[in-house]
Amino acid sequence: HFSYSNFAKLSTCRRPRWLGQLLESLAKLEYEKCPGVIQTVVVVDNDYTGSARAVVERFSAHLPGLIYDLEPVQNISLARNKTIAIAKKLDCEYIAFVDDDEFVDQKWLDELLFTLEVFGADIVRGPVIPVFADPVPDWIVRGGFFERQRYAQTGQRIRWGATNNVLIKREFLDKLDGPFDQRFGLTGGEDTHLFERLHRMGAIMVWSNEAIVRENIASSRANLRWLLLHSYSFGSMLASCDRALETQKKWLITRFIKGVGRIFQGSISFLPSLFLGYASAAKSLTYIARGAGMLTGICGYKLEEYKRVHGK
């Protein structure tokens, strides 16, 4: 069992209500499989007005070791890097990431740490389950547009990572510059870029089905316009990651083929989807949007999706 562990990592931007919900859930964390955990929570506010300070101060008595800092430049990579810099100064051995629009189950970190130990992993990811606090159209729920990929069982080796529910050995982050790349600070994709680099370093990433995080879905996202913009932005981000990671031009051909394939997939399924309901038609359109994003991303175009904050 772990007898000692630190964890830290949370950046926030103008989401005081959800930040409070997250901090409340972190204050209730329990450790049975990995007793003796020393828990540190670092909150870096990415709003230059310091709007999260009052929320953090309200929870300081309930979360010993709670730390607040400010990154005034709106850039998610800079905010994430500052949390990691603080964690390094505190000599944290493990760093867990969770987003400010989420809240965690009581056993969340206990399960991440236990899975890391049992399976000899360097990185552990867990499921993110959507929560609709406000009423949303039925087709949004039926289409599963906010359902994230889940894997069959705990301990399964996986390739892709994200910062919405993950635990990383800090020693791997020490080996990388940044480690989050500032070029992705307004477009998103800084975590995709990071985890691909960690994979190439040989880091072992596994899945923990029991380490559950729940994500609040803002009503401003539950519409076709946002889904299409997000799909387009995601495709563009993937192309940008390819550009940043690859030194040879073969990435361009590969991403071009994938982009054209997505557009073709969406196009041939669109007409039949009209007879299957709004959700099916919307899903076909998201395939086309993602493919278009890949093709324009190849040309260097970026959609700065993180300039707008949902759920303020």
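Which residue forms a salt bridge with Asp-101? In this predicted model, the partner of Asp-101 is Arg-15, and the closest N and O atoms of the two residues are 3.6 Å apart. Asp-101 is located in the loop between strand 4 and strand 5 (102-104), whereas Arg-15 is located in the loop between strand 1 (11-12) and helix 1 (16-27); the pair therefore ties together parts that are 86 residues apart in sequence. Both Asp-101 and Arg-15 are buried. The two residues also belong to a network of salt bridges that links Arg-15, Asp-100, Asp-101, Arg-148, Glu-215 and Arg-221. The structure as a whole holds 22 salt bridges.

Further salt bridges involve Asp-174. The side chain of Asp-174 meets that of Lys-88 in a salt bridge, with an N to O distance of 3.5 Å. Asp-174 lies in the loop between helix 6 (170-173) and helix 7 (190-200), and Lys-88 lies in helix 3 (residues 76-89), so this pair ties together parts that are 86 residues apart in sequence. Asp-174 also forms a salt bridge with Arg-170, for which the closest N and O atoms are 2.9 Å apart.

The accessibility of these three residues was computed as well. Asp-174 counts as partly exposed because its relative accessibility is 36%, a value that falls between the limits of 20% and 50%. Lys-88, with a relative accessible area of 31%, is likewise partly exposed. Arg-170 has a relative accessible area of 15% and is therefore buried, the cut-off for this class being under 20%.

Strand 4, which precedes the loop that holds Asp-101, is part of an open sheet of four strands. The strand order in this sheet is 4-8-6-9, and the pairing is mixed. Strand 4 (94-98) and strand 9 (205-207) are the edge strands, each of them pairing on one side only. On average, neighbouring strands of the sheet are turned by 20° against each other, with direction ignored.

The pairing of strand 4 was examined at residue level. Strand 4 pairs with strand 8 (residues 165-169) in the antiparallel sense, and five bridges join the two strands. Within this pairing, Tyr-94 has Lys-169 of strand 8 as its bridge partner.

Terms used: Residues are numbered from 1 along each chain as its sequence is written. This is a predicted model: local features need pLDDT of at least 70, side-chain atom pairs count only at pLDDT 80 or more; totals for chains, interfaces and linings use all residues. Side-chain values use heavy atoms; hydrogens and water are left out. Two strands pair if DSSP finds at least two bridges between them. Axes are lines fitted to C-alpha atoms, for helices over the stretch in contact, and angles run from 0 to 180 degrees between N-to-C directions. A salt bridge is a side-chain nitrogen of Lys or Arg within 4 Å of a carboxyl oxygen of Asp or Glu. Buried means under 20% relative accessible area, exposed over 50%, partly exposed in between (1.4 Å probe, protein chains only).
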